[in-house]
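Subject: the structure, plus notes

Hi,

Here is the structure I promised to pass on. Have a look at it first, then read my notes underneath.

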Amino acid sequence: MSDSSNTTVPVPESPFPRVLMVDDEADFLNAVSRRLEKRGIPPVLAGSGEDGLALLAETPMDVVVLDVKMPGMGGLEALRRIKDSWPDMEVILLTGNVSAADGVEGIKQGAFDYITKPIEIDHLAGKIRQAWDKRRRKQEQEEQRQFQEKMEQQMTAMDRLASLGTLSTGVAHEINNPLAMMREAAGYMRLVLEKEDMVQWPGKTGLAKGLEKIEKGIERIRRITHLLLGFVRPADHACARTDVKELVSESIELVTKEMQGKQIAVDRKMDDTEGVAWTDPYALRQVMINLLTNAVHAIQREGTITVSLSEAEGCLAIAVSDTGVGIPGENLNKIFEPFFSTKPSDKGTGLGLYVSRGIVERLDGRIGVKSAVGRGTTFTVEIPVCRRGDAVECVDENTCDEILTKIKEIGGDDEDTRKSAGG
């Protein structure tokens, strides 16, 4: 059977209703099939309830025409199983005159309608089209509901981001003014400490250490305000030839201490590719640290984080997998939304993955996620080896020299050649 859930799954458009007919009488099936096909409704045939369920698990259908009286699995039992696995499926029951009560019972269990044998073919064709229309209307309503829900979520996110932008700009401005005075005062203290008459002062070492902490604190505050403004005005990205393999290794080292504290092992699978791309190393490093930090937080204790790097069709793919708690299916389509977080309020802001997706998209890449509750999560980032519009810059010095050598062999202007090659 099928392991599908009770969620509504959109069915692709078809020029005619896709009908499954289930009946143990082969002659009856073949005769009805030929007559329905002439009316533009070619059915798929099954000789038992078990066969019908197997076909449904493999082939999308719109309507099931189901005989009630069959050996083995009867029609009512097949109806119950169909509704359990495909709740939106419309089912028409076929009954004998003496078993009309079974048809009524079937409607109570969710059947669209029932028809008594012997059937009138135009009546059956009309019922099939009615059931098909009903299912399409339900699907349109569900699609409209999902669209409206998505729009409402986006509007809420836009409102929150607008509020964040206003708040960030104001906070950054208010902080930067006293921060500038602190930086100036720290600079003056540094100049005083470097004077000759301070060399022998006993308290110089302690004061120098304190001043160093102040300077580091000022720099940290400066970076925080810069990030706050970055949510409002994303910075232009400076691309360069980047050793992505080395960048990923550096990112892992930055979270190693936290991994060791939770006894998390790291499995690196990055030996099968050169791992070089024309991209923004600083922005990509921020994405990697976000993903690695999330992986660490997903593992309560004693797990493994696997980081792999591969290249195919002009793209580098970086995968970060963890053996953590996993993400419920209903949250997978929300995790990249701003302010959505499954962490406690004091542990996460819900902006990390939202910012990461924005960075990856600005780098002409894409980010995806797969997860299973209790088994772990895998985030995959794909970035182009050479970004659109950067084709000239992607030519490295060795390639440029090779081009120049070829041009010299056949004769040509070096200056014009360098301009065309990006040199």
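Let me start with one pair of residues: Val369 stands opposite Phe379 in β12. The strands behind that pair are β11 and β12 (residues 376–384), which run antiparallel and are joined by seven bridges. Helices and strands here are DSSP runs, numbered from the N terminus (H or I over at least four residues for a helix, E over at least two for a strand). Two strands count as paired if DSSP finds at least two bridges between them.

Before I go on, bear in mind that this is a predicted model, where local features need pLDDT of at least 70 and side-chain atom pairs count only at pLDDT 80 or more, while totals for chains, interfaces and linings use all residues. Residues are numbered from 1 along each chain as its sequence is written, and side-chain values use heavy atoms, with hydrogens and water left out.

**The mixed sheet**

β11 and β12 belong to an open sheet of five strands with mixed pairing, in the order β7-β9-β10-β12-β11. At its edges stand β7 (264–269) and β11 (366–372), each with a single partner strand, so one side of each has no neighbour in the sheet. From one strand to the next, the twist averages 15°. Angles run from 0 to 180 degrees between N-to-C directions, with axes being lines fitted to C-alpha atoms (for helices, over the stretch in contact).

A salt bridge also links β11 and β12: Glu382 meets Arg366, with the closest N and O atoms 2.8 Å apart. Glu382 sits in strand β12 and Arg366 in strand β11, 16 residues apart. I call it a salt bridge when a side-chain nitrogen of Lys or Arg is within 4 Å of a carboxyl oxygen of Asp or Glu. Arg366 counts as exposed at 57% relative accessibility, whereas Glu382 is partly exposed at 24%. The cut-offs are under 20% relative accessible area for buried, over 50% for exposed and partly exposed in between (1.4 Å probe, protein chains only).

**The parallel sheet**

There is another open sheet of five strands, this one with parallel pairing, in the order β2-β1-β3-β4-β5. Its edge strands are β2 (43–46) and β5 (113–116), each of which pairs on one side only. Here the twist averages 20° from one strand to the next.

How many residues of β4 are buried? Six of the six, so the strand is largely enclosed by the rest of the structure. Glu90, Ile92 and Leu94 lie on one side of β4, and Val91, Leu93 and Thr95 on the other. That fits the usual pattern, as side chains in a regular strand alternate between the two faces of the sheet. Leu93 is a handy landmark: its bridge partner in β5 is Tyr114, and Leu66 has Leu93 as its bridge partner in β4. Strand β3 (residues 63–67) runs parallel to β4 and is joined to it by five bridges, while β4 (residues 90–95) and β5 pair in the parallel sense over four.

Helix α1 (residues 26–38) lies across β1 (19–22), β2 and β4, at about 175° to β2.

**β6 and β8**

Strand β6 (residues 240–243) and β8 run antiparallel, joined by four bridges, and Asp243 stands opposite Val276 in β8. Val276 and Trp278 point one way from β8 (residues 276–279), Ala277 and Thr279 the other way, and all are buried.

**More salt bridges**

The count comes to 21 salt bridges. One of them joins the side chains of Arg145 and Glu142 (2.6 Å, N to O). These two are three residues apart in helix α5, so about one helical turn separates them. Arg145 is partly exposed at 40% relative accessibility, but Glu142 is buried, at 18%. Glu77, Arg80, Arg81 and Asp84 are linked in a salt-bridge network.

**The chain overall**

The chain has twelve helices and twelve strands. Of its 423 residues, 36% are buried. Its accessible surface comes to about 24800 Å², 52% of it belonging to carbon and sulfur atoms; areas come from the Shrake-Rupley method with a 1.4 Å probe, and for residues only the protein chains shown count as cover.

Cheers

Definitions and conventions: Contact means heavy atoms within 4.5 Å.
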